[in-house]
Amino acid sequence: MLGFEESGYILRSRYAIPLNICGEPTQTVQTDICLLHQASTITLLVQEDKSELGAESKVIAEAIASFQENNRNRIRLGKGRKNSMSIPCITMVGTRPIFYVVPVTQQLCTAVEQGEFPEQVTEVRKCVVGAETQLSDGMERLDFRLEALKHFALFRSLAKSLWSDLLAD
Amino acid sequence: MAYNIVIRNQSATTFFGQDLPATLDGIDPEFLTSNVPSEVDNHGTQLLLMYLEFATEVNGSMSPVQMIFFASHSLLAYIRSKGCNQ
């Protein structure tokens, strides 16, 4: 309906992504939904949770795992590693969407892999629909639904501009 | 937060670099004006409203009867989308 899924993209649910963390390369994170480009690049993550904080921490872990996985696939396909990727993410708390852009750098990735605290701050940008409304409000309210859909429409444009960097050789 | 990650809450204008659009294109107007699946003509919109109904229920889950009802409607929507109306 909103045009996120196009030719060459496939929507996957319950997609497990390996996460190399604290020297343990066998961990995985499981996305609720993700959008894959040509089965090799994770371009969008969607995570539902009962709490905003729970969904947020999960989706950030998934973005770091996506950085690792996308770079593994790039190497497999004979492309160079990327030193940074900005991954668009959406969390759903009930029927309330929250939008994120998670920038993952090689420095952050290495810190996660080695269980170290990185010097450089990673700034995740976040936009909450209807921040002034109650947390229990969601898309069942018609005015909120219109507001949410307007956010989704702009987020699609933002995500597509990030994908052009993400998919570039 | 762990790993020196900070979260910056931003307004829509700052986050997207532009204001929200005044209107929406390509969205079934009934999805913006109704909460009652049975009153909606478009089957895809009916399903979306049913999803919303289930998602906003207190226990947040479907009963077996609701699941069968929803699955049959989803299948019907898929068949219709493939142009097999007969």
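Two residues are said to be in contact here if their C-beta atoms, placed from the backbone, lie within 7 Å. With that in hand, let us walk through this predicted model, starting with one helix of chain A and ending at chain B.

Our first stop is α2(A), which covers residues 106-114. Which of its residues are buried? They are Leu108(A), Cys109(A), Ala111(A) and Val112(A). These buried residues span an arc of only 160° around the axis, so they sit on the same side of α2(A). It helps to recall that an α-helix has 3.6 residues a turn, so residues three or four places apart point the same way. As for what lies against the buried residues of α2(A), they pack against β2 (16-21), α1, β7 (96-105) and β8 of chain A. Turn to the face pointing away from this buried side and you will find Thr110(A) and Gln114(A), which are exposed.

Follow the chain onward and Gly115(A) comes after α2(A), with a positive phi near 65°. In the loop between α2 and β8 of chain A you then meet Phe117(A). Is Phe117(A) buried or exposed? A residue counts as exposed if 12 or fewer other C-beta atoms lie within 10 Å of its own. Phe117(A) has 8 such atoms within 10 Å, and is therefore exposed. Setting aside neighbours within four places in sequence, Phe117(A) is in contact with Ala111(A), one of the buried residues of α2(A), and also with Tyr3(B) and Asn4(B) of the other chain.

Those last two contacts bring us to the meeting of the chains. Here 32 residues of chain A are in contact with 22 residues of chain B. On the chain A side, α1 (52-76), α2 (106-114), β8 (122-128) and α3 (142-167) each supply at least two residues. The greatest contribution comes from α3(A), with nine residues. Sorted by character, the chain A side has 19 nonpolar, six polar and seven charged residues.

The two chains also share strand pairing: β8(A) runs parallel to strand β1 of chain B (residues 5-9), and the two pair over five bridges. Within this pairing, look for Arg125(A), which stands opposite Arg8(B) in β1(B).

Finally, what does chain B itself look like? Chain B contains four helices and one strand, and from the N terminus on its elements run β-α-α-α-α. Of its 86 residues, 10% count as buried. Among the contacts in chain B with a separation of 6 or more, 25% join residues 24 or more positions apart.

Conventions: Residues are numbered from 1 along each chain as its sequence is written. Chains are lettered from A and ligands numbered from 1 in the order in which they are written. This is a predicted model: local features need pLDDT of at least 70, side-chain atom pairs count only at pLDDT 80 or more; totals for chains, interfaces and linings use all residues. Ala, Val, Leu, Ile, Met, Phe, Trp, Tyr, Cys and Pro count as nonpolar, Asp, Glu, Lys and Arg as charged, and the others, Gly among them, as polar. Two strands pair if DSSP finds at least two bridges between them. A residue is buried if 20 or more other C-beta atoms lie within 10 Å of its own, exposed if 12 or fewer, and partly exposed in between; C-beta atoms are placed from the backbone. The arc is that of the directions from the helix axis to the C-beta atoms.
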